[in-house]
Amino acid sequence: MKHITDNIIQNVKSSLKNVEKIVIITHFNPDGDAVGSSLALYHYLIKHQYKVSIIIPNRAPRFLKWLPGNEKIYIFEDTFDESKALINESDLTFFLDFNVINRTQGMENYLKALSTKKILIDHHPEPENFADIIISSTDVSSTSELLYEFIISLGNENDINKDIAECLYTGIMTDTGSFSYNSSLSQTYYIVSKLIEKGIDKDKIYWKVYDNYSVDRIRLLGYCLNKKLKVLPEYATAYISITRKELDVFNYETGDSEGFVNYPLSIKGIVFSVIFIEHDEHVKISFRSKGAFYANRFARNHFNGGGHQNAAGGNSEASLEETLQNFENKF
Ligand code: 5GP
Ligand code: MN
């Protein structure tokens with residue numbers, strides 16, 4: 001467990017001196033790892049008497065609402081003035097779970113203008129150079145796992161209470177699809193065992209995250225798999241597309257389509273799966289792959305995006321129909 005050098009830890013320690021107000025920022029469309037790691041860091045820093053605020057660009061999925069401290073999170077697009085003031089008054093900023101600053105969407109320009117210290121903790125490949133201290137490794141399952149290591153490296157194992165452990169575990173569990181991908185390193189399980197020792201109930205956390213969906217969400221999933229799945233066996237690829245109208249029929253809420261993109265990968269022989277979701281202004285695209293296919297390169301080269309080798313995202317300004325046509329033309 002050594003993804004953070006002593007040098008960096010010394011640098012972090014001195015950066016945290018004479019600091020009063022800290023802001024934690026994570027990415028647009030925040031997921032379990034983004035929210036889990038942000039809340040874990042929040043609880044940790046609070047223990048050290050800092051004034052801490054978490055600001056996320058847009059709302060997180062409902063299945064994360066139970067996380068301890070969730071009610072303290074500011075949603076930038078809903079609390080624009082307050083969030084902007086918190087950013088401007090902060091003495092130090094943590095960036096969690098993203099590697100390019102434009103993943104903060106509408107917050108990007110305010111963050112770029114900051115002259116105070118910025119610390120990045122992340123696990124995506126090739127981070128952009130937008131922070132003063134960059135703690136980044138792709139050899140971990142999640143930002144939450146790296147954050148555990150961060151707290152340990154600061155010498156504060158004892159600070160990890162049940163709340164922090166629940167937040168970290170949620171990040172690890174969601175970013176590994178409950179230990180079905182991105183989870184072949186023994187360190188992940190070592191850390192999970194340490195988190196269990198802190199009193200978390202991992203089965204309950206699973207139920208809270210995955211067995212808490214609305215009826216509409218389940219019906220939307222059924223509809224997508226039955227009516228909207230297209231298989232391209234010659235390219236070992238399958239994709240799902242959903243229109244704005246279809247989302248409305250199923251009373252779509254943020255996060256409802258989370259996980260849909262994984263289903264086509266359970267078809268024998270499929271190694272690349274994509275979901276296209278039509279929003280008002282753009283089409284949001286998620287890519288998942290198995291093995292050696294670089295989903296992030298595909299996303300970067302063709303759809304304005306990026307991410308990990310086996311899990312990436314992007315978007316398209318073209319209509320849904322045109323986007324699907326463009327996609328099929330890439331093969
Ligand atoms: P998801 O498909 O769950 O939204 O994202 C999968 C992965 O790709 C995540 O690690 C996420 O951070 C990354 N990702 C999603 N959308 C984008 C994007 O527009 N740009 C970049 N660079 N990464 C993205
Ligand atoms: Mn992550």
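Strands here are DSSP runs of E, at least two residues long, numbered from the N terminus. The model on screen is predicted.

**Stop 1: ligand 1.** Select ligand 1 and the residues around it: the shell holds 14 residues, and the closest are Arg103, His124, Lys284, Ser286 and Arg288. Sorted by class, these shell residues are three nonpolar, eight polar and three charged.

**Stop 2: the strands of the shell.** Colour strand 10 (283–289), strand 11 (306–307) and strand 12 (311–316); each contributes at least two shell residues. Strand 12 provides the largest share, with four residues.

**Stop 3: polar atoms at the ligand.** Show the side chain of Ser286, where an N or O atom sits 2.6 Å from an oxygen atom of ligand 1. Next, select Arg103: one of its polar side-chain atoms is 2.9 Å from a ligand 1 oxygen atom. At Gly313, display the backbone instead, since a backbone N or O atom there lies 3.2 Å from an oxygen atom of ligand 1. Switch to a surface view: of the 490 Å² of accessible area that ligand 1 has on its own, the protein covers 84%.

**Stop 4: Ser141.** Leave the ligand and go to the loop between strand 6 (133–136) and helix 5 (143–153), where Ser141 is placed. Is Ser141 buried or exposed? Its relative accessibility is 1%, so Ser141 counts as buried, the cut-off for that class being under 20%.

Select the contacts of Ser141 next: leaving aside residues up to four places away in sequence, Ser141 touches His123, Ile172, Asp175, Thr176, Asn182 and Thr188. Finally, add Ser142, whose side chain makes a polar contact of 3.0 Å with the side chain of Ser141.

How values were computed
Residues are numbered from 1 along each chain as its sequence is written. Chains are lettered from A and ligands numbered from 1 in the order in which they are written. This is a predicted model: local features need pLDDT of at least 70, side-chain atom pairs count only at pLDDT 80 or more; totals for chains, interfaces and linings use all residues. Side-chain values use heavy atoms; hydrogens and water are left out. Buried means under 20% relative accessible area, exposed over 50%, partly exposed in between (1.4 Å probe, protein chains only). A polar contact is a pair of N or O atoms within 3.5 Å; within protein, one must be able to donate a hydrogen and the other to accept it, and residues adjacent in sequence count only if both atoms are side-chain atoms. Contact means heavy atoms within 4.5 Å. A residue is near a molecule or strand if one of its heavy atoms lies within 4 Å of it. Accessible areas come from the Shrake-Rupley method with a 1.4 Å probe; for residues, only the protein chains shown count as cover. Ala, Val, Leu, Ile, Met, Phe, Trp, Tyr, Cys and Pro count as nonpolar, Asp, Glu, Lys and Arg as charged, and the others, Gly among them, as polar.
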